[in-house]
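Let's take a friendly walk through this protein, stopping at a sheet, a pair of helices and two side chains. Have the viewer open as you read.

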Amino acid sequence: MTTRAYRETALLNAGLNPFLLKADDVFIDLLTDSGTGAMSDQQWAGIMRGDESYAGSSSFYRLAEVVERLFHYQHTIPVHQGRGAEQILFPSLVERAKQRGASKPLFISNHHFDTTKAHVEIAGGIAKNFICKAALDTSTYSDWKGNLDVAKLASEIEQSGAEQIAAVVITITCNSVGGQPVSMSNIQQVSTLARHHEIPVVIDAARFAENAYFIKQRDPLYADKSIHDIVAGMFVNGDIFTMSAKKDGLVNIGGLCCFKTDKTLFERVQRQCVIMEGFVTYGGLAGRDMEAMAIGLQEACDEEYLRSRIAQVEYLGEKLQRAGIPVQTPVGGHAVFVDASKVLSSVPSTFFPAQMLCNALYIESGVRATEIGSLMMGRNPVTREQEPALFELMRLTIPRRTYTNNHMDYVAESLVRLIEKAPQLRKLVFEYEPEVLRQFTARFKEI
């Protein structure tokens, strides 16, 4: 715990950007759930037996066996994290789309996350988001706010032509709209439409187990199914999946790029892996990391673990709602998303209201959160105009197996105090703005 004066100085030195704070200056860190959770005793034991062979390590083959058993995908490439998978996969998808006649390959998603969108654009593609209408109203409950709008997808295919679409990306759960789940029927409908037009389906699987748990809880057809069966049911509808295992892989580093049957594309991406990540059986990871990932993927499918994990997110969400703080409803699987556009209704998006809230929460309490809104969306890579954001959200992201509900009480009480002072908060403008993924290293000043 630090003093308010200390935190004011620390944040000023960090350019009013919580990403640039030192971790030692943070009391409760809700910046992200990526690689910040606690590993289990079994995972630590696995680390001790990791095989550090450069090529063909037994740890890789154990990981590949778990992938095939859980997801039923035959071809596995380990990578250092999710963006490693995107940087080796997307150029090959763009190249293949151009070979089929695409002039500017499109990637269609329920909602691309920031790093996913950046890698699409770096590879020469265009990212489009077709989230369902229900997601846009944060105050109204709907079970499946992560669903992709199938009608919009069909219209895009008809208007642009299937050859223009490099891939359809289904993000489960959908982080950018509040960690919202995608229904099994929506996954199936999207897959059926895409495959009819020979468009590959990529599943962004960072939070696959949490999505499966929501399906079990909310869809009567799957109430009696195991998490393993639901996972298999989701992934049979994909052709490729990318994964940051730092989320539902329950590890501090690691990711996957996996292919069901397309060996030609798999081999092309393998070549990219050697260039960008490392040899194809370690992909930028130590053997011990792959051991921990293989164990974590299985632990993430434990229903008791999932019930406990998601209940803690719901606990924080309910406390904020009872206090009258607007959040994306229902809360998602990994975070509570505060609707900053309602808290700071008079602040235009050009002054980043959610970032203003994140900064104020840190000064108030030492709690670090992150912005999901206009700052994260960034600028159009061609026109350099601000991309329109669907939301202005402050994400309170809960690391797995890390904090207690007493910590959540402190977060809620701090935010309640802060909301009372919201009219006093100052707007933000850039002092330094990077061209790509600006939210990580930008610096701001108050006006």
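## A three-stranded sheet

Two strands count as paired if DSSP finds at least two bridges between them. With that in mind, look at β9 and strand β12 (residues 393–397), which pair in the antiparallel sense over 5 bridges. Keep in mind that this is a predicted model. Within this pairing, valine 338 stands opposite methionine 394 in β12.

The pair belongs to an open sheet of 3 strands, ordered β9-β12-β11, with antiparallel pairing. At its edges are β9 (335–339) and β11 (370–372), each of which pairs on one side only. On average, and ignoring direction, neighbouring strands of the sheet are turned by 35 degrees against each other. A helix joins the picture here: α12 (residues 303–322) packs on the sheet and touches β9 and β12. The direction of α12 makes about 25 degrees with that of β9.

## Aspartate 33 and its arginines

Next, find the loop between β1 (28–29) and α2 (41–48), where aspartate 33 is located. Is this residue buried or exposed? Aspartate 33 has a relative accessible area of 1%, and because buried means under 20%, it counts as buried.

Which side chains does aspartate 33 meet through polar contacts? One contact, of 2.8 Å, links its side chain with that of arginine 207, and another, of 3.0 Å, links it with the side chain of arginine 400. Setting aside residues up to four places away in sequence, aspartate 33 also touches others, including Lys246, Lys247, Arg309 and His334. Thr397, Ile398 and Pro399 are among its contacts as well.

## Two helices that cross

Now turn to helix α1 (residues 4–13) and helix α14 (residues 353–365), whose axes come within 7 Å and cross at roughly 145 degrees. On the α1 side, the contact is made by Arg4, Arg7, Glu8, Ala10 and Leu11. They meet Asn359, Tyr362, Ile363, Glu364 and Ser365 in α14. By type, the residues of this contact divide into 4 nonpolar, 2 polar and 4 charged.

## Asparagine 186

The last stop is helix α7 (residues 184–196), which holds asparagine 186. This residue is buried, because its relative accessible area is 5%, under the 20% cut-off. What does its side chain reach at 2.9 Å? The partner is the backbone oxygen of leucine 148. Apart from neighbours within four places in sequence, asparagine 186 is in contact with Asn147, Leu148 and Val150.

Notes: Residues numbered from 1 in each chain as written. Predicted model: local features only at pLDDT ≥ 70, side-chain atom pairs only at ≥ 80, totals over all residues. Heavy atoms only, no water. Helix = DSSP H or I, 4+ residues; strand = E, 2+ residues; numbered from the N terminus. Axes fitted to C-alpha atoms, helices over the stretch in contact; angles between N-to-C directions. Contact = heavy atoms within 4.5 Å. Buried < 20%, exposed > 50% of the residue type's maximum accessible area, 1.4 Å probe, protein only. Polar contact = N/O pair within 3.5 Å; in protein donor to acceptor, adjacent residues only side chain to side chain. Nonpolar A, V, L, I, M, F, W, Y, C, P; charged D, E, K, R; others polar.
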